[in-house]
Amino acid sequence: MKNINITIDGKEYQVPENYTILEACKQAGIEIPVLCYHPDLRPEGSCRLCVVEIEGMRTFQPSCAYPVNEGMKVKTNTKEVRDARKMALELILSRHPQDCLVCERNNSCELQKLAAEFNMTDIYFSNELPAFKTEDESGVIVREHQKCINCGRCVRACQEVQSVNALEFFNRGYEKLVLPTGNKKLHETTCTYCGQCITVCPTGALHERDETDMVWNWIEDPNIHVVVQTAPAIRVSIGEEMGMEPGYLSTEKLVGSLRKLGFDKVFDTDFAADLTIIEEGHELLHRLKNNGTLPMITSCSPGWIKFMETFYSDLIPNVSSCKSPQQMFGALAKTYYVEKAQIDASKVKVVSIMPCTAKKYECNRPEMKDSGYQDVDVVLTTRELAKMIKIAGINFAEIKGEKYDAPLGISTGAAAIFGASGGVMEAALRTVYEVVTNTELENIDLKMVRGMEGVKEATVAVGNLDVKVAITNGLSNARKILDKIRAGEADYHFIEIMCCPGGCIGGGGQPRPTSPDKRKARMDAIYCEDCNMELRKSHKNPAIDTLYKEFLKEPLGEKSHHLLHTKYTKRDSNV
Amino acid sequence: MTCCNVDVGKILKEYSEEKGNLMEILHKIQNSSKENYICDDCMKKISDYTKLPLNKLYGVTSFYTMFSNKKRGKYVIRMCESCPCHVLGAEAVINSFVDELGIKVGETTKDGKFTLEHCACLGLCAVAPAVMINEDVHGNLKPEMVKDIIAKYE
Amino acid sequence: MLNININGMDVKVEKGSTILEAANKIGLKIPTLCHIPEIQKIGACRMCLVDIEGNPKLQASCTTPVVDGMIVKTNTKKVRDTRKFVLELILSDHPTACLTCERNTRCELQTLAAELGVDIVPFRGATSSRGKDNDTLQLNYDGSKCIYCKRCETMCNEVQTVGAIFSQKRGFDSEVGTPFNLPFKDSVCTGCGQCVLNCPVGALKDNENIDEVWDAIYNPDKITVIQVAPSVRVTLGEEFGLKPGSIVTGKIFAAMRRMGFDHIFDTDFAADLTIMEEGYEFINRVKNGGTLPMITSCSPGWVNFIETFFPDLLPNLSTCKSPQQMQGAMVKTYFAEKMKLDPKKIVSISVMPCTAKKGEAKRPEMGRDGYSDVDIAITTREFAKMIRQSEIDFLNLPDEGPDDPIGISTGAGLIFGASGGVMEAALRTALEVIEGHEIKNVDYVGVRGLKLDGFKEATVSTQIDGNPVDVKVAVASGLGNARKLMEKVQAGEADYHFIEIMACPGGCIGGGGQPIPTTTEIRKQRIEGIYKGDKDMPIRKSHENPAIQVLYKEFLGEPNGHKAHELLHTHYTQQKYYENLKK
Amino acid sequence: MKFYRSHIILGMDTPSLLAGAKGVRDTLEKQLKEKNIVNEIRIVETGSLGYNGVSMIIYPEGIIYTGIKPEDIKELVEEHLIKGRPVKRLMAIESSQKDICAGKQEKLLDGQVRIVLKNAGSIDPENIIEYIAKDGYMALGKVLNENTPKEVIDIVKNSELKGRGGAAFPTGKKWEFTYNTESSQKYVICNADEGEPGTFKDRLIMEGDPHAVIEAMAICAYAIGANKGYIYVRGEYKLSIDRIKKAIKDAEEHNFLGENIFDSDFSFNIEVCLGGGAYVCGEETALIESIEGKRGEPRLKPPYPPVCGLFGKPTIVNNVETLANIPQIILNGSDWFKKLGVKGSAGTKVFTILGDINEKGLIEVPMGISLKEVFENIAKGTRSGKKVKFAHIGGSSGNIVPFNNFDIKLDLNTLASSDLTHGSGVILFVSEDIHINDYLKSVAKFFKHESCGKCTPCREGTFRIYQFMEKLNKKEGKKSDISKMKDLCKVMKNASFCGLGQAAVNPFLDAMTHFEKEMMEGVKEGKK
């Protein structure tokens, strides 16, 4: 990349020619304020908080979108520029509720932070609030529309990153607002509950439904046995909520905190992830041997499942019938575990800590009751768990590490990597290879399926067969592969699809704000966790062995089918 | 493919799937509707035909003032209130329409005949103040003329 | 040692500890509002309630001492619900306009509301009608934001013994205020700002001058000259997430340059100048039988205090202006002359750890020919705000230096920021001047350190004109300690030669304009930072500062000379408080 | 070809139709039939003649009649057409009678020079043959046979023609950008989304001379290498849409559009695209979004449309009036064009003059005429007889010029040096009886209604300005409101996303300069 010369506030800098002014300023140590800009999204330049003066231009330009060019002279801190930014913020604040202290985003709100940075001490304009009723009918995503500031990040995330098209701007001028399609409620649209809109929302306008109160009550109730499971991606992200560096691996602190909160048993979704590999791996082998529908597509990501049911229901036969690890865990907790621990299943509540908002939807799907009860009772996001830890006054940074309970807490490195895009694929290949060839896989790190790219392809030799695989993350990337399948242009055997950018580490329930750098750090931590594990292949997990011996008998067996597999429903894409 | 008495399928077929036709399709379908609007079912059909996601379609119809997703009267009275009309007494004319029809701007009469709307300049400034009733234009208006104009519409 | 059990964990703590201290020891955070570690334990706000087995009522952990065998639970539903309920009650009488509050994102109440997950305020209705006072030089007060934690009251009365504010009225109408509801400026308030430093919310705040500074920067007809006080360089980093005591001198100058100040200087230079003037004044008094003990005059809160409460001791006070004012005077005379600038066009700005400096700059005697030495004094917190407003990525700034010629300084100037520093710097110079030869050891450890209760004393042996003399010195910080020391002087029980007094506990590093929170622990870390900085300086004695030498040669002539007296010395007047009332 | 003794040019534009032009035409036809002179007299229906009421010109005398009612027709036919005696009482302007009778039409419209409106009002816009008879499509034939695209661009560049939509960007330069961009597909768009309150010049051009626009688009397409054009017309302009569509059909039939035009390699097609009622779509990128079937919100620039426009391809967007100049420039040469007007502002400018004046309508004058001349010589003073207070030039987003500044010359340089713009060419004269606050409220309401809502300053700012004006109108304002409004206006001008927000504040800034005292009347006593 060629460098060009640019003058910022009278000082000269050399920056790559493909930089925006914002990036150039960042390099020069000037943190220009942004609101509608988000590193994951196409710049829009509409909030005008990042405007700068460019010599020779009549009006100010948005630095987030304006490319640098040779000899450009930029001023970021003139009176006019500062006045313009402050006025823009004042105008936004004048249409924003003044109830920070009771807002979900209090102390994590970008608008609040900007108001402090701008030293906003007075809002001249009258406070004009539209009368909106908070919408939480979906049971997953809550829209507090009066807090929306029209930055449009959610719209871009929904349309461009996820291609779900459940949100759009309506009306125009000062009446402009973001609404779900056709002014319906979110659950009446194509929304997949992926929560990407939440992760990019700068204010409290979009957030998940807070279900911590219910969990506190269960914990308090001596008659209820509360079991908690934590998804693979939580341990690499929860630290961010507690003020640690992104990618801080906090598995043991997490377990310690959960015990302090008062959960009766602290288990690990990783256990169920290993189980998923056994079931899904055998399903793939079965399809390969018996001319089943190929390519087979993974089914761990509930946002992806709803997306598929809505837009690609013709591909239902391609999707693995395996439940997601969370649901496998729930079904086993209320059957296998209660049997072993001799507890009344009706008194057990299963709480999941998930990086995901769609999991809240998944656990409430009517078919997820194979244990005779609702398999998973409630799902909390990473952020909700962080809230609980803060309320409990637990000093996360200093808490002593602890280990998961047995047996549903024993897992392998193959399960740990479920949290990153490509992880399910890698875990499955580790097992399938050894089951098929009966020889040990020497190089266990299948690096060709790792990484942040939206679409990855690889061919892996398993015995005589060259297994062709594809991995996508982010639903608009999934579309690319799915359209290829529809057109008959794809000859993959196995496809992993994750709903969120980067996989679960970029999930809709993860700490905010998120960015590609943060997701990268979380992903690195995931593979570090894998490396540190003694066992790194699902079929070597002794607890899984015992499970099959004591309870399930065999992969894809009758009991497995009853408890661990599911079916899908076609949904209307034009609701 | 009829919907609210509009043969949507027929109208859609007049247009190639080529991009750039949406605005005219919307005009055509709305104009064919007796209630001067595009219903939700029509929206879905347009979405299917144009391959434009429904959310974006609603975004479009809510952006342009000429389109409506809510039922309107048989006649939509669009009253200009821009400066050239304003300085020559548009406000009195608008009030006269409001009084005569007994509805507020933005509302439809109970018999479903008239809808009153404000609008920006109609380009009829030479005969200001002016209104448009569906596709007819009326200019050089005075408040006392309103009654007769309304009477012309069945 | 006592054994107690908190949330199922056994803890050993010393006798006399509170439950709060015991819980902190095992990494449990219990929310507090009215608590000031080591200073105020009144159990008034009820945020820190805990469940003690066998006790039907929840107890305030900040006041309840540990009893052997006690079993405590800090995280039951009852505890959580009660705390949340209490917080909701506090919030019900607190304005909701966070976004335009001075303390937005740095407010303890806001943080608590977030951490406790408050989502509704069930009680809305009457709000108390407390007043406002925006009419002061130094502090502003907005009673509507007061949550009646009384931290300011304790600081003003018990720590500083100023007694400007106290609880008034009762019940729902309770408020903390001045007697007769006087404005601060008519009360005995010294402007020390310790109340601001301890306010958890935005009720007490600086009288902000940020906009005046921006206006000066943007006005093409004005020349802006800025100086930064010694202690700011070890505290400013805290506003940007660094550990207390981190030295950010170079980044401060870099930030100033990016913000658009025309000339960037260092108050440390003037601190060296102060030592020259004060040192010679001291030698004169000792040699010529002047009033002793001589008392330092750098701290404007202290000057206000002595003018108010000990007017009879004013002859003991050094006539030297504070470094801020000396710097201002040099900027508008020496520097203006050198650069051929019109002093009336210069806007002299200072970044101070201190709220009282705002008042000092506005004293009528601090200037000449219709202009002031210093036009605007802003606090460390205000300066941090300005950096944030400028969107400067402070932590990644390169290190830069101040401008010539009045930016060069020594370690002696730097240690002015900590209690005992002026004394040590003065000794470094005075003793060498007296003895006429270099003294190798420059570390006078005896006057260093944080002493919250009482004062530090030291004796240094030297020879004056061949006669051995034991120079007795005392150092006090915090006005309560100063009062004790002054009472001793008044009673004739003190035979000190030289006394250093700083208005704020720990000296300027604990000043009223410093980052919030400022606790004992944080003060200690800042002091460490100061002495580390001193140690790393190439020159550590004021009289060796080459710029000072040039200054005397080119401009001032000699220490305590005619020009110096005119520009660098001042006089004091008794302040009669509550005078307006008598009318 | 049939020979007619007389031609009656009858204005049939929208206002004329409103005034009863249809009835006049029907009566006229009846009368002609009755008098049995149908074969001698030809009625030509045309666009606006630039007068109020039903108007007609009878050739060869060139006498203009206005305010005609059906009951006048009998007299007209008998007196003028049969006896050859003009009916004085119906003639357009009495003072100019002599000139009219002498047949010097140009003199009638004082100081006017018609390029853009050359044919408007003198040909039947629905008959392509008449356009051809007036040298129509000659320019297109000329460039296709004689000039390379680069030469065409040079001609336009040398003419110094600047965009007439408001921004006044040199047209030739714009074309060159697109010409220089490599692409297999390029577009020409005619911006006929005329939304500026008070402006209807584009409508009259389209209604009166649609082929001129089509011909110009074809020339532009040839020059830049495009093969597809769009005319984006306001949805409200029913007659324009019909006429343009008819004209396109006729042009296709005559092979002025379609494949291998004039037997050359050049092919070009035009489609009409309808607006939906959004002023912001006059902004070129918003217009492009709208054609693409999206919300009409402006796009980020760069990239600019000449490089990346409609469907991501290089695109030229030109205003109707700009385009209508092109064929004449090609035929008469750039020097001829440059000589009209003054230095830096070549050619003529179409103004719509409106408000409390005697002569409303459309005028085309060379650049450089003064506002005073327009007011006194063309508009002929106020109709109400009251003193004129100010002129609002350039539409709602234009500038307010108080009466004592009427000496200002209406050319791009002078205006620009006074920080003014003639925008879309409206001049609205407002008399003393309108209170400035009342007027500004109406302006504010317009922008509040038309802001697209994309960027903060415009979305929220237009709303707040309206709020301020509403308060001032109710005399409930505060003194500080006006200074806050001034700050707000400056920020909107500096930091808005597109021209709408940047220009919307012009009238308010001007009013605060020239009429601050009057605005202060809206301040409630005692309010700071």
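1. Let's start at the interface of chain A and chain D: 22 residue pairs are in polar contact there, with both partners at pLDDT 80 or more. On chain A's side, the elements that give two or more residues are β4 (61–62), α2 (79–93) and β7 (167–170). Helix α2(A) brings the largest share, 8 residues. Sorted by class, the residues that chain A turns to chain D come to 20 nonpolar, 9 polar and 11 charged. Bear in mind that all of this is read off a predicted model.

2. As for how much surface is involved in that A–D pairing, 40 residues of chain A and 38 residues of chain D take part in the contact. The area buried between chain A and chain D is about 3100 Å², and carbon and sulfur atoms account for 55% of that. If you want a few side chains to look up, try Y124(A), R172(A) and Y174(A): they supply 24% of the area that chain A buries against chain D, more than any other three residues.

3. On charge pairing across the same boundary, the count between chain A and chain D is 5 salt bridges. One of them is worth pulling up on screen: K454(D) and E44(A) meet through their side chains at 3.9 Å, N to O. The cut-off for a salt bridge is 4 Å, so treat that pair as counted under this rule and check the geometry yourself.

4. Now turn to the contact of chain A with chain C. Here 48 residues of chain A are in contact with 47 residues of chain C. The buried area between chain A and chain C is about 4100 Å², with 52% from carbon and sulfur atoms.

5. How many salt bridges does the rule find across the interface of chain A and chain C? The number is 1. K11(A) and E400(C) form a salt bridge through their side chains, at 3.6 Å from N to O. Polar contacts between chain A and chain C come to 15 residue pairs, again with both residues at pLDDT 80 or more.

6. Which parts of chain A face chain C? At least two residues each come from α2, α3 (110–117), α6 (212–220), α8 (251–261) and α13 (382–391) of chain A. Helix α3(A) has the largest share with 6 residues. By class, this side of chain A holds 20 nonpolar, 13 polar and 15 charged residues. Note that α2 of chain A turns up here and also in the list for the side that touches chain D.

7. Some chains stay apart. Chain B and chain C do not touch, and their nearest C-alpha atoms are 31 Å apart. Chain C and chain D have no contact either, with 15 Å between their closest C-alpha atoms.

8. On domains, chain D is assigned domain 1 (6–92), domain 2 (128–336), domain 3 (341–431) and domain 4 (436–520). The C-alpha centres of domain 1 and domain 4 of chain D are 47 Å apart. Chain C is split into domain 1 (2–91), domain 2 (128–205) and domain 3 (211–568). In chain C, 42 Å separate the C-alpha centres of domain 1 and domain 3.

9. Within chain A, have a look at E283(A) and R287(A), whose side chains meet in a salt bridge at 3.0 Å, N to O. These two residues are about one helical turn apart because they sit 4 residues from each other in helix α9 (residues 269–289) of chain A. Over all chains, a search of the whole structure finds 126 salt bridges.

10. Finally, confidence. The model scores ipTM 0.86 and pTM 0.89. Chain B has a mean pLDDT of 88, with 96% of its residues at 70 or more. Among the elements of chain B, strand β1 (residues 2–3) has the lowest mean pLDDT, 65, and helix α6 (residues 90–101) the highest, 94.

11. Chain D has a mean pLDDT of 86, and 93% of its residues reach 70 or more. Among the elements of chain D, helix α4 (residues 97–101) has the lowest mean, 32, while strand β5 (residues 187–192) has the highest, 96. Residues 94–109 of chain D have pLDDT below 50, and this stretch has 21 contacts in the model beyond near neighbours in sequence. Where pLDDT is low, predicted coordinates should not be read in detail.

Terms used:
Residues are numbered from 1 along each chain as its sequence is written. Chains are lettered from A and ligands numbered from 1 in the order in which they are written. Side-chain values use heavy atoms; hydrogens and water are left out. pLDDT is the predictor's confidence in each residue, from 0 to 100. Contact means heavy atoms within 4.5 Å. Buried area is the accessible area (1.4 Å probe) that two parts lose on being put together, summed over both. A polar contact is a pair of N or O atoms within 3.5 Å; within protein, one must be able to donate a hydrogen and the other to accept it, and residues adjacent in sequence count only if both atoms are side-chain atoms. Ala, Val, Leu, Ile, Met, Phe, Trp, Tyr, Cys and Pro count as nonpolar, Asp, Glu, Lys and Arg as charged, and the others, Gly among them, as polar. Domain bounds come from an automatic or database domain assignment.
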